[in-house]
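Biologist: I am new to this structure and would like a close look at a single part. Please pick one helix, describe its two sides and its surroundings, and then set it against the rest of the chain.

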Amino acid sequence: MDLSVSDLLLCPQLNPANDLKNEILVFDISILHKQANMPTQFLWPHQDLVGSQDELREPVINLEGFLKGDKEATVAAAHLVGAACINHGFFQVIKHGVDVDLIRAAHEHLDFIFNLPLAKKLDARREPGSVYGYSGAHAHRFSSKLPWKETLSFVYNHGNSHDLAVPNYFTSSFGKEFQETGLVYQKYCEAMEKLSLAILELLAISLGVERSHYRKFFEDGSSLMRCNFYPPCKEPGLTLGTGPHCDPTSLTILHQDQVGGLEVFANNQWRPIRPRPDAFVINLGDTFMALSNGRYKSCLHRALVNKESVRRSLAFFLCPKQDKVVRPPQDLIDREEQRKYPDFTWSDLQEFTQKHYRADVATLQSFIHYFLPTKRCN
Ligand SMILES: C=C1C[C@]23C[C@H]1CC[C@H]2[C@]1(C)CCC[C@@](C)(C(=O)O)[C@H]1[C@@H]3C(=O)O
Ligand SMILES: O=C(O)CCC(=O)C(=O)O
Ligand SMILES: [Fe+2]
């Protein structure tokens, strides 16, 4: 159900996810590089730009023993995961079992996509209200605080290695010469699904919940894969590659290159994350925070850009099946005094972020406060 303009006007805090007020800017780096000043659409408020050099000392968790079934290693890993998630919802994992050649291929094919002529990329542009497709700075959605990045997002259906949605997306969007790219990302997403379901076991163990509870909740899900391409920027201190936000999704597995720029808000300051070539970055999102009844934190993070080099990251956003009701496990509710969040579906929250609200630091609160009651009225 689309909120009417009057609904949006009644809720001033709602910032329509599509707030275009003037002609659409095209994110064409070959032109933007020649401009003397940063276009105003890319300027961010000072409070979003301040930072520190105090790197976050997040846990870097070795998964080898856990993945081999070692009981002691499993308990130790679950403990480290729990401590990180109570604090800021962010950790890194090493010895994760994902083939290093597959990771390298996923990064190489990312360049094949973003090095295409702009017209070809724009042919695959996201449709309004859809999270899938190519986007240049989200210039077709927003008219201010544009992120200095190009993105490509596509869906991955869990549990079926014969599902051709990913390869078909690439050949239908970019031509049959991208069949290999589609196969690389199909395999990459399968590896992300396997790793995320394993991490969900550690999360369940750390919450004292039946070990397979969350794994079962997500195994028939459809996740979102996103390739991020951050071009160099002449005035990196005036803009952001990705603005401050919590992922509305459940669990994010991110592989970043060695350029650096990812930051997490912890202990009341922005903390740079040191890239590790052998690690995946893991952060919780809003939907998992609700599934933990608020025990674990949705990680507040952002991405900076720099003057010298392109930065690339691969983000796998774990999502449940669209119509699954997001509700904490009963024994967690029984142990807590009260529910922190009402029931909702991922479909409703995703629709909210694509049609009514630009995901930011307060997405879940805004969704529950302004969108759910409206939905319930009909
Ligand atoms: C459900 C989603 C919306 C975004 C992609 C996934 C999970 C992260 C979200 C996002 C990255 C948060 C920051 C703002 C955003 C607009 C972006 O910079 O891309 C968000 C994504 C989106 O709405 O496309
Ligand atoms: O590129 C990064 O390091 C972070 C990107 C991110 O947070 C996102 O795409 O949700
Ligand atoms: Fe994010």
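Modeller: What follows begins with the chain as a whole, goes on to helix α6, and then turns to other parts of the chain. The model is predicted, and every value below is computed from it.

The chain contains 14 helices and 14 strands. Its radius of gyration is 20 Å, close to the 21 Å that the globule rule gives for 378 residues, so the chain is as compact as a globular protein of that length. Along the principal axes, the C-alpha atoms fill a box of roughly 60 × 50 × 45 Å. Of the 378 residues, 43% count as buried. Among contacts with a separation of 6 or more, 75% are between residues 24 or more positions apart.

Now to the helix. α6 covers residues 100–114, which makes 15 residues. At 1.5 Å a residue α6 should span 21 Å, and its end C-alpha atoms are 22 Å apart, which agrees. Which residues of α6 are buried? They are Ala-106, His-109, Leu-110, Ile-113 and Phe-114. These buried residues lie on the same side of α6, because they cover an arc of only 135° around the axis. The other side of α6 carries exposed residues, namely Val-100, Asp-101, Arg-104 and Glu-108.

What covers the buried residues of α6? The cover includes the strands β4 (150–157), β5 (222–230) and β12 (311–318), together with the helix α9 (179–207).

Another helix, α5, can be described in the same terms. α5 runs over residues 71–87 and has 17 residues. From its first C-alpha to its last, α5 reaches 25 Å, close to the 24 Å expected at 1.5 Å a residue. The buried residues of α5 are Ala-77, Ala-78, Val-81, Ala-84 and Cys-85. Their arc around the axis is only 130°, so they sit on the same side of α5. Glu-72 and Ala-83 are exposed, on the face of α5 turned away from its buried side. The buried residues of α5 pack against β1 (60–62), α4 (64–68), β2 (90–94), α9 and β10 (280–284). α9 thus appears in the packing of α5 and also in the cover of α6.

Just after α5, Gly-89 takes a positive phi of about 75°. Further on, in the loop between β2 and α6, lies Lys-95. Lys-95 is not a glycine, yet its phi is positive, at about 50°. Most residues other than glycine have a negative phi. Lys-95 is partly exposed, because 15 other C-beta atoms lie within 10 Å. Asn-293 is another residue other than glycine with a positive phi, near 55°. The loop that holds Asn-293 is the one between α11 (286–291) and β11. With 19 other C-beta atoms within 10 Å, Asn-293 is partly exposed.

Two strands from the cover of α6, β5 and β12, also have a part around a ligand. β5, β7 (251–256), β11 (300–303) and β12 each supply at least two residues of the shell around ligand 2. Arg-226, Asn-228, Ser-313 and Ala-315 are among the residues of that shell, as are Thr-242, Asp-247 and His-301. By class, the shell around ligand 2 divides into four nonpolar, five polar and two charged residues.

Ligand 1 is surrounded by 15 residues, the closest being Thr-242, His-245, Asp-247, Pro-248 and Ala-359. Two or more residues of this shell come from each of β6 (242–246) and α13 (346–356). β6 gives the most, with three residues. The shell around ligand 1 has six nonpolar, seven polar and two charged residues. Thr-242 and Asp-247 are named around ligand 1 and also around ligand 2.

A last stop is Lys-34, in the loop between α2 (29–32) and α3 (46–49). Is Lys-34 buried or exposed? Lys-34 is exposed, because 8 other C-beta atoms lie within 10 Å. The C-alpha atoms of Lys-34 and Lys-234 are separated by 9.8 Å, although these positions lie 200 residues apart along the chain, counted as their distance in sequence.

How values were computed:
Residues are numbered from 1 along each chain as its sequence is written. Chains are lettered from A and ligands numbered from 1 in the order in which they are written. This is a predicted model: local features need pLDDT of at least 70, side-chain atom pairs count only at pLDDT 80 or more; totals for chains, interfaces and linings use all residues. Helices (H or I, at least four residues) and strands (E, at least two) are DSSP runs, numbered from the N terminus. The expected span of a helix is 1.5 Å times one less than its number of residues. A residue is buried if 20 or more other C-beta atoms lie within 10 Å of its own, exposed if 12 or fewer, and partly exposed in between; C-beta atoms are placed from the backbone. The arc is that of the directions from the helix axis to the C-beta atoms. Two residues are in contact if their C-beta atoms, placed from the backbone, lie within 7 Å. A residue is near a molecule or strand if its C-beta atom, placed from the backbone, lies within 6 Å of it. Ala, Val, Leu, Ile, Met, Phe, Trp, Tyr, Cys and Pro count as nonpolar, Asp, Glu, Lys and Arg as charged, and the others, Gly among them, as polar. The radius of gyration is taken over C-alpha atoms; the globule rule is 2.2 Å times the number of residues to the power 0.38.
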